[in-house]
Amino acid sequence: MTLKYYQANAQTFFNGTVNVDMSSLYETFTKHLAPGARVLDAGCGSGRDAKAFLEMGYQVEAFDASSAMVELAREHTGLPVQLMTFADVEWKEEFDGIWCCASLLHVPAVELPGVMRRLADGLKPGGVWYVSFKYGDGEREVDGRRFTDMDELGLRALLGTVVGIELAEMWVTRDKRPGRDERWVNGVLRKG
């Protein structure tokens with residue numbers, strides 16, 4: 001369902017997200033990274049964030065589940081963006097940082113703990129991980145996309161299912177896209 005949405009609306013989604021200023025969120029993540037750190041943009045969408053991290057001097061890998069989004073992200077970033085889903089993640093302690101901006105929110109709640117553990121396995125000890133979810137509690141479908149919403153309690157409960165991952169920071173923001181008034185819960189996580 002969600003994948004069909006992104007296949008059919010890839011260019012519209014790309015156009016609506018690629019130029020959004022995310023610098024304040026980048027700062028909360030990159031302050032924990034050493035220069036030249038290896039970063040994974042998991043569920044990269046337009047490639048906006050992967051490109052920003054690349055321009056900051058990080059080694060960046062990126063993937064998305066939509067082949068149409070992967071093509072647009074490859075074109076935008078110049079990176080060999082991979083076509084894969086969260087279920088395909090098999091990295092073991094390879095990344096200093098993982099960036100999951102508005103991507104995990106499409107994973108069904110019942111699958112989130114397993115996905116989180118797979119991603120945590122890919123993070124090096126001491127590594128940092130950014131996650132964001134639309135603010136709320138529960139699952140819903142909107143215009144052909146499924147969402148798992150989180151609030152502070154939900155995010156804490158989810159992190160309780162992932163051994164070795166600690167919450168470093170959590171805060172709520174307003175949507176950065178023009179004309180949008182949604183709230184987001186953001187978290188910076190650290191692997192012990």
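Helices here are DSSP runs of at least four residues, numbered from the N terminus. I am working from a predicted model.

**Entry 1: Tyr 5**

I began with Tyr 5 and placed it in helix H1, which covers residues 2-17. Is Tyr 5 buried, exposed or in between? Its relative accessible area is 21%, and buried means under 20%, so Tyr 5 counts as partly exposed. I then listed its contacts, leaving aside neighbours within four places in sequence, and found Asp 143, Gly 144 and Arg 145. I also looked up the separation of Tyr 5 from Gly 127, 122 residues apart along the chain, and got 33 Å between the C-alpha atoms.

**Entry 2: H1 against H4**

Next I checked how H1 lies relative to helix H4, residues 67-77. Their axes come within 7 Å and cross at roughly 30 degrees. Angles under 35 degrees count as roughly parallel, so I entered H1 and H4 as roughly parallel to each other. Which residues meet there? From H1 I noted Tyr 6, Gln 7, Ala 10, Gln 11, Phe 13 and Phe 14; from H4, Ser 67, Ala 68, Met 69, Leu 72 and His 76.

**Entry 3: aromatic pairs**

I searched the whole structure for aromatic pairs and got 13. One of them joins Tyr 6 and Phe 13, edge-to-face, with 5.0 Å centre to centre and 85 degrees between the planes. Tyr 6 has a relative accessibility of 10% and therefore counts as buried. Another pair is Trp 91 with Phe 95, also edge-to-face, at 5.1 Å centre to centre and 85 degrees between the planes. I looked up burial for both partners: Trp 91 is buried at 11% relative accessibility, and Phe 95 is buried at 0%.

I also found a cluster linked by ring pairs, made up of Tyr 26, Phe 29, Phe 53, Tyr 58, Trp 99, Tyr 130 and Trp 171.

**Entry 4: charges over rings**

Phe 95 came up again here, as the charged end of Arg 38 sits over its ring, 4.6 Å from the centre. I noted a further case in Arg 183, whose charged end sits over the ring of Tyr 135 at 4.2 Å from the centre.

**Entry 5: Thr 30**

I placed Thr 30 in helix H2, residues 23-30. Thr 30 has a relative accessible area of 15%, so I put it down as buried. Setting aside neighbours within four places in sequence, I found Thr 30 in contact with Phe 53, Met 56 and Tyr 58. Phe 53 and Tyr 58 belong to the ring cluster of Entry 3.

**Entry 6: nonpolar cores**

In soluble globular proteins, nonpolar side chains tend to be buried together. I therefore looked for cores built from buried nonpolar residues. The largest has 32 residues, and those with the most contacts inside it are Ile 98, Leu 104, Leu 119, Trp 129 and Phe 133. Which elements each supply at least two residues of this core? I listed strands E1 (38-42), E4 (95-100), E5 (123-134) and E9 (183-191), together with helices H5 (112-122) and H6 (152-159). H5 gives the most, with five residues.

I followed up on Leu 119. Not counting residues up to four places away in sequence, Leu 119 touches Leu 40, Ala 42, Phe 86, Val 89, Ile 98, Cys 100, Leu 104 and Trp 129. Apart from the largest core I found another, of 25 residues, including Val 20, Met 22, Leu 33 and Val 128.

How values were computed
Residues numbered from 1 in each chain as written. Predicted model: local features only at pLDDT ≥ 70, side-chain atom pairs only at ≥ 80, totals over all residues. Heavy atoms only, no water. Phe/Tyr/Trp six-rings, centres within 6.5 Å; stacked < 30°, edge-to-face > 60°. Buried < 20%, exposed > 50% of the residue type's maximum accessible area, 1.4 Å probe, protein only. Lys NZ or Arg CZ within 6 Å of the ring centre and 35° of its normal. Contact = heavy atoms within 4.5 Å. Core = buried A, V, L, I, M, F, W, Y, C linked by side-chain atoms within 4.5 Å. Axes fitted to C-alpha atoms, helices over the stretch in contact; angles between N-to-C directions. Parallel < 35°, antiparallel > 145°, perpendicular 65-115°, else oblique.
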